Amino acid sequence: MQSVQDLADPLSNPRRRLMQVQRPHGDDAFRHRAEEARSWTDLYASYGWQVTPSCNGRRGQAPGGLSLPPFPCPLQDLHPEASPGWEKEVTTSPYALDVLWAERPAYGVIARGGGTAVVASLAVDVLTCDEVIERMARVGIIAPVLRTATVREFRVIGERATVVISNAPQPLPQAHGVTVQDWPHPVPLPGAAAGGHVEWVQAPVPEIPLPQAAAVMAALRPPTRP
Ligand SMILES: [Zn+2]
């Protein structure tokens, strides 16, 4: 996670910075990261965000651990389990989260965004995370911002800024490279401070309510030239 000082320093503020993605290798590393993710879910649940484990890449594992699938999913922390049930299993209950993580330990966390959930998300493809934070700050908006790796053929090729907002209005606005995500939409959240395909650039502040979609859309609108 970057500090405010880091973001203000132009030398440490390149326009595009590829994420360093480190997937845990080996059972001990995986277990440690999965436990870390489970503890981060308590924080998310305390905001009222309903969450569930991400894909853990181990679905194809044979019973008894006899053989690993030849190509375990390399994007484990970016999407929910393929089963359609993820929308229904999201929860803020610590007990239910313990059960989910015991059944399907994962190092990624997926929140349910939009619809009746208390969070939604807005993806920005034309500005860097730092630019998004700066534009919002100019109009007094402090909102959580995620840096999410963009991936093609399992390789990280760039990043996308995702702003966590309070509502996903219908019809969904989409303008100047800013898209309010359709709902119910899985929002990948970090399960650790760094190392996965997603990280906080500006972490949530519980005392500051999430902004409305329209306010963020307006803040990110390109300046009009006279
Ligand atoms: Zn997967």
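Just after helix H2, Gly48 adopts a positive phi of about 90 degrees in this predicted model. The helix that precedes this glycine comprises the 20 residues 27-46, and at 1.5 Å a residue it should span 28 Å; the C-alpha atoms at its ends are 29 Å apart, which agrees with that expectation. Arg33, Ala34, Ala37, Arg38, Thr41 and Tyr44 are the buried residues of H2, and, seen down the helix axis, they fall within an arc of 150 degrees, so that they line one face of the helix. The face turned away from this buried side carries the exposed residues Asp28, Ser39, Asp42 and Ser46. The packing partners of the buried residues of H2 are strand S1 (51-53), helix H4 (94-103), strand S2 (109-113) and strand S8 (185-189).

Three of these partners, S1, S2 and S8, form an open sheet with the order S1-S2-S8 and antiparallel pairing. S1 and S8 stand at the edges, each with a single partner strand, so one side of each is left without a neighbour in the sheet. From one strand to the next, the twist averages 35 degrees. S1 and S2 run antiparallel and are joined by three bridges, with Thr52 standing opposite Ile110 in S2. H2 lies across S1, S2 and S8, and runs at about 25 degrees to S2. Glu103, which has its place in helix H4, counts as exposed because it has 10 C-beta neighbours inside 10 Å. Glu103 and Pro53 are separated by 50 residues in sequence, whereas their C-alpha atoms are 9.8 Å apart in space.

A further open sheet is formed by six strands in the order S6-S7-S3-S5-S4-S9, again with antiparallel pairing. Its edge strands are S6 (174-175) and S9 (198-202), each of which pairs on one side only. Within this sheet, strand S3 (residues 120-124) has four of its five residues buried, so it is largely enclosed by the rest of the structure. S3 pairs with strand S5 (residues 155-165) in the antiparallel sense over five bridges, and three bridges join S3 to strand S7 (residues 178-180), also in an antiparallel arrangement. Leu122 has bridge partners in both of these strands, namely Val163 in S5 and Val180 in S7. Val124, for its part, stands opposite Val178 in S7.

Helix H5 (residues 129-138) lies across S3, strand S4 (145-152), S5 and S9, and runs at about 150 degrees to S4. The buried residues within H5 include Cys129, Asp130, Val132, Ile133 and Met136; when the helix is seen down its axis, its buried residues fall within an arc of 160 degrees, so they line one face of the helix. H5 is followed by Gly140, whose phi is positive, near 80 degrees.

The largest nonpolar core contains 48 residues, and those with the most contacts inside it are Ala111, Val132, Ala143, Val145, Val163, Ile165 and Val216. When neighbours within four places in sequence are left aside, Val216 is in contact with Leu122, Met136, Ile141, Ala143, Val163, Ile165 and Pro211. Among these contacts, Leu122 and Val163 are themselves bridge partners, and Met136 is one of the buried residues of H5.

Two backbone features in the loops remain to be described. Most residues other than glycine have a negative phi, and most peptide bonds are trans. Gln170 and Pro171, however, are joined by a cis peptide bond, with omega about -5 degrees, and Pro171 lies in the loop between S5 and S6. His176 has its place in the loop between S6 and S7, and its phi is near 35 degrees, a positive value in a residue other than glycine. With 13 C-beta neighbours inside 10 Å, His176 counts as partly exposed.

Terms used. Residues numbered from 1 in each chain as written. Predicted model: local features only at pLDDT ≥ 70, side-chain atom pairs only at ≥ 80, totals over all residues. Core = buried A, V, L, I, M, F, W, Y, C linked by C-beta atoms within 7 Å. Buried ≥ 20, exposed ≤ 12 C-beta atoms within 10 Å, placed from the backbone. Contact = placed C-beta atoms within 7 Å. Expected span 1.5 Å × (residues − 1). Arc of directions from axis to C-beta. Pairing = 2+ DSSP bridges. Axes fitted to C-alpha atoms, helices over the stretch in contact; angles between N-to-C directions.
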